[in-house]
Amino acid sequence: MARRATFQKAINEALEQEMERDSSVIIMGEDVAGGTYTEGDSDAWGGPLGVTQGLYTKFGDRVMDTPISESAFIGAAIGAATCGLRPVAELMFIDFMGVCFDQIFNQAAKFRYMFGGKAETPVVIRTMIGAGFRAAAQHSQGLYPIFTHIPGLKVAVPSNPYDAKGLLIQSIRDNDPVIFCEHKMLYDMEGDLPEEPFSIPFGEANFIREGDDVTIVAIGRMVQMASEAGDALAQDGIQCEIVDPRTTSPLDEDSILESVEKTGRLVIVDESGPRCGMAADIASLVATQAFDDLKAPIQTVTPPHTPVPFNDFLEDLYIPDTERVVKAVRNIVKGN
Amino acid sequence: MLDLNRERLLQAYETMKTIREFEERVHIEFATGEIPGFVHLYAGEEASGTGVCMHLDDRDSIASTHRGHGHCIAKGVEVKGMMAEIYGKDTGTCRGKGGSMHIADLDKGMMGANGIVGGGPPLICGAALAKKTLKTGGIAIAFVGDGGSNQGTTFESLNLATIWNLPCIFVVENNGYAESTSSKWSVSLSGNATDRAAGFGMPGVEVDGHDFFAVYEAAGEAIERARNGGGPTLLECKLNRYYGHFEGDAQTYRPQDEVKNIRETKDCLELFRKKVTSDGIVDVSDLNAIDQKVMKLIEESVVEAKAAPNPAEQELLTDVYVSY
C-alpha cells in the first residue's frame, strides 16, 4: 500500500530531495528558516505555515531568510537563476505579487525573448493562494490567471499531494521561470505520496474521474468540490468526467477538447475571478475550438467579481462549493 | 598612473571613443527615421562605464539602464551586433527582438540594458549571490541613473546587499536629470546619492564622472573590496549627458549652452587625451590611429546593420520558453 502523506509534506520532501540531488538549488524567502540572528531556534518557523521546516537544519546557508523586501529577493532569485543557481523563492502570499511584480513579469518572463533566445532563468516562485482561511482580502486571492497571462512564465496549481511533489520537482528541474501555487486549504490534505523523487510533466492534465455525460474542468482546490459533485451526481446516474489541468501555463488544451468532444457538455470550476480568469479562458477555448461538439451552453462556477470577504459566512458564499457545481451540471444535463 | 600601462590606456581610450562614436552616429541615423522605436544615448558619460568595466572580466556581471549602449560596449559586447540590434535586425545581439533598451549578452556578463527604471539592482543582488555561492571569484555591478536611485528596488537592494554581504557595487550615474526633472530636487540630500550609502552601512564614494582616472581608481577600490569579501559599495559618478533623455527630446529644461560648455570644458575624451599625452605615455598619433579604427568600425556597423535581414516570420513565436 502506498504511503499516505500531506500536501505540506509533499512540498517539503520535493524541496529536500532536489536540494540533495543538486547543490545549485537554494531557497530564499521571508522566514523560510525563521530565526536568523535571533537568540532562539535558528530553524524556528520553516515558513509561516512550516512548509520548509527542517531544511535549514539540513542544508544550512542554502536556506536563506530574507528581509521583507519582495522586490529585492524575488529579483535576486531571478538574477541568481541567470548566473548558475536554481533558486526556489517563497513569495509568502500570492497577494504580495503587487510589490514585486516587475521583477517577475518584466524581467524573468521576458529575458529569453528579449535576449534573442540566449537566456535561461530556472527560478521557481512558490506562493500561497486561495480563500477559506478567514485571511481577508489581501491574503486570500487566487491570482494565478495574471501570471498565466504572461508569456514566458509557467504556472502550476496542484490539487493533491502527489501532484504537488511531482510538479514541484519538475518546476525546479525546469529551465523556465515557474510560478508554483499552493492552496493554503490543501496543506493538510492527505493522499498517496511515493517516497522516491518523481516529476510530472507540465501541460498534462489528470483525469480524476471518467464519464460520458459532462466534462468538469477544475483547478487547484476546486478539484475537491468537483469530485464531491461527481460522486453525488453519479448516484443519479449522471457520469461526470473531471479534468484537472494541473498547470494553467502550459494548458493541456487537447485533453479538455477531447473530453468535451466525448461529453458535449462543459462545466468549469475555478477559484480565480470570473473576469479574464481561467473559467473565461477555458470557456473561450471550447467555444472557439469545439462549438459544434457542445450540446448545451458552457457553465462556469467561480467566485463573484468582488474582493475576498473576511466574515466567515460571506467568505463561504464567495468560494464555489460542491452544491454550486452540482447545480451547474444539472442545469445543462436536464435538457436531455 | 595607477596600474595603467600604455596598452591599458589605449584600451580605455578605444572603449570610450567607440562608445562616443557609436552614440554620435546613432544620433545622426535616428534623425533619418531608419531606426525604429526610441533610443537613449550615453554620449558624455563614457568615462563612467569604461572606468568601472575596465576592472571586470567575463566572470563578472553588470546590469544596465535605459541608457545602456555604453555599458554594453565597455563590457565587451560586440559593436556590430549592437548596431544591428538597434536597427531591429536578425544579425543583432538579440536577433532584433530586444532593441536598444534590452541589449544583453549573458556570455559577456552583460545582463541587459533595462526598460524599467531601477529594474537592475535586485537582479544584481542575485548575480552577486550566485558568484558568492558558486565561488567563481566574480562580482556584480548595478548601474542606475539618478532617477533609478530613487526607486524602491534600489533601496531594497542596498539593504539586501549589505545584510547578505554581497560582492556587488551600485554605480549611480547622476547626470543631473531624470528625464526632465533635476536630480538636485528629486534625489534627497540636495542630489547627493552618495550620502545615502551611510544609511545602509556601506561605503559611499562620489567621483567626477568626467574624469576616467577618478572613476577607474574609485571603482578599483570598491571592486577589490567586493572581491575580497568586503561587501558592497555605492559609487556615484557625477556627470552629464550630451543629448536628451531620448532622441527627439527638445531639452527645453536645460539652460542654453549647457551641453556646449560641458563639451568644451569637461569632455571626458578630451580630458583623457590631454592627460595621457602631456604625461608622455601616449603619442597623439596613437590616439588618432584609434580614432580612425573606431570610425571605420562604426561606419561598417551601420552599413552592415542597414543591409542585414529582418528576423524571419517564425521568429515571432520562438524564444518564449526553453520548452513549452
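Which residue of strand 11 of chain A does A:Val217 stand opposite? In this predicted model, the residue is A:Val243. A:Val217 belongs to strand 10 of chain A, where A:Val217 and A:Thr215 are buried on one side. Strand 10 and strand 11 (residues 240–244) of chain A pair in the parallel sense, over four bridges. Between the two strands the chain passes through helix 8 (residues 222–234) of chain A. This β-α-β crossover is right-handed.

Strand 10 of chain A has a second partner, strand 13 (residues 266–269) of chain A. These strands also run parallel and are joined by four bridges. A:Thr215 has A:Leu266 as its bridge partner in strand 13 of chain A. A:Val217 stands opposite A:Ile268 in strand 13 of chain A. Strand 10 of chain A covers residues 214–218, and five of its five residues are buried, so the strand is largely enclosed by the rest of the structure. In a regular strand, side chains alternate between the two faces of the sheet. In strand 10 of chain A, A:Val214, A:Ile216 and A:Ala218 are buried on one side, and A:Thr215 and A:Val217 on the other. Both faces of the strand are therefore covered, in keeping with burial of five of its five residues.

The wider setting is an open sheet of five strands in chain A, in the order 9-11-10-13-14. Its pairing is mixed. Strand 9 (206–209) and strand 14 (299–301) of chain A are the edge strands, each pairing on one side only. From one strand to the next, the twist averages 25°. Helix 12 (residues 322–333) of chain A packs on this sheet. Helix 12 of chain A touches strand 10, strand 11, strand 13 and strand 14 of chain A. The direction of helix 12 makes about 175° with that of strand 14 of chain A.

Chain A also holds an open sheet of seven strands, ordered 3-2-4-5-7-6-12, again with mixed pairing. Strand 3 (63–65) and strand 12 (247–249) of chain A stand at the edges. Each has a single partner strand, so one side of each lacks a neighbour in the sheet. Here the twist averages 20° from one strand to the next. Within the sheet, strand 4 (residues 86–93) and strand 5 (residues 124–129) of chain A run parallel and are joined by five bridges. One bridge partner pair is A:Val88 with A:Val124 of strand 5 of chain A.

Two helices of chain A pack on the seven-stranded sheet. Helix 3 of chain A touches strand 2 (25–29), strand 4 and strand 5 of chain A, and its direction makes about 160° with that of strand 4 of chain A. Helix 7 of chain A touches strand 2, strand 4, strand 5, strand 6 (154–156) and strand 7 (178–183) of chain A. The direction of helix 7 makes about 160° with that of strand 7 of chain A.

Helix 7 (residues 161–173) of chain A also packs against helix 1 (residues 7–21) of chain A. The angle is about 30°, and the axes are 8 Å apart. The two helices are therefore roughly parallel to each other. Their crossing is right-handed. Helix 1 of chain A contributes A:Phe7, A:Ala10, A:Ile11, A:Glu13, A:Ala14 and A:Glu18 to the contact. Helix 7 of chain A contributes residues including A:Pro161, A:Leu168 and A:Ile172.

Between the chains, 34 residues of chain A are in contact with 37 residues of chain B. Helix 3 (70–81), helix 4 (101–108) and helix 5 (111–114) of chain A each give two or more residues to the side that touches chain B. Helix 3 of chain A gives the most, with nine residues. Helix 3 of chain A packs against helix 6 (residues 152–163) of chain B at an angle of about 75°, with the axes 8 Å apart. These helices are therefore roughly perpendicular to each other. A:Ser71, A:Ala72, A:Phe73, A:Gly75 and A:Ala76 of helix 3 of chain A meet residues of helix 6 of chain B, among them B:Gly152, B:Glu156 and B:Leu160.

In chain B, helix 4 (residues 79–86) is mostly covered, with seven of its eight residues buried. Among the buried residues are B:Met82, B:Met83 and B:Glu85. The buried residues of helix 4 of chain B pack against helix 1 (6–31), helix 3 (69–74) and helix 12 (284–307) of chain B. B:Gly88 follows helix 4 of chain B and has a positive phi, near 75°.

Terms used. Residues are numbered from 1 along each chain as its sequence is written. Chains are lettered from A and ligands numbered from 1 in the order in which they are written. This is a predicted model: local features need pLDDT of at least 70, side-chain atom pairs count only at pLDDT 80 or more; totals for chains, interfaces and linings use all residues. A residue is buried if 20 or more other C-beta atoms lie within 10 Å of its own, exposed if 12 or fewer, and partly exposed in between; C-beta atoms are placed from the backbone. Two strands pair if DSSP finds at least two bridges between them. A crossover is right-handed if, with the strands pointing away from the viewer, the path from the first strand over the helix to the second runs clockwise. Axes are lines fitted to C-alpha atoms, for helices over the stretch in contact, and angles run from 0 to 180 degrees between N-to-C directions. Angles under 35 degrees count as roughly parallel, over 145 as roughly antiparallel, 65 to 115 as roughly perpendicular and the rest as oblique. A crossing is left-handed if the near helix is turned anticlockwise from the far one by less than a right angle, and right-handed if clockwise.
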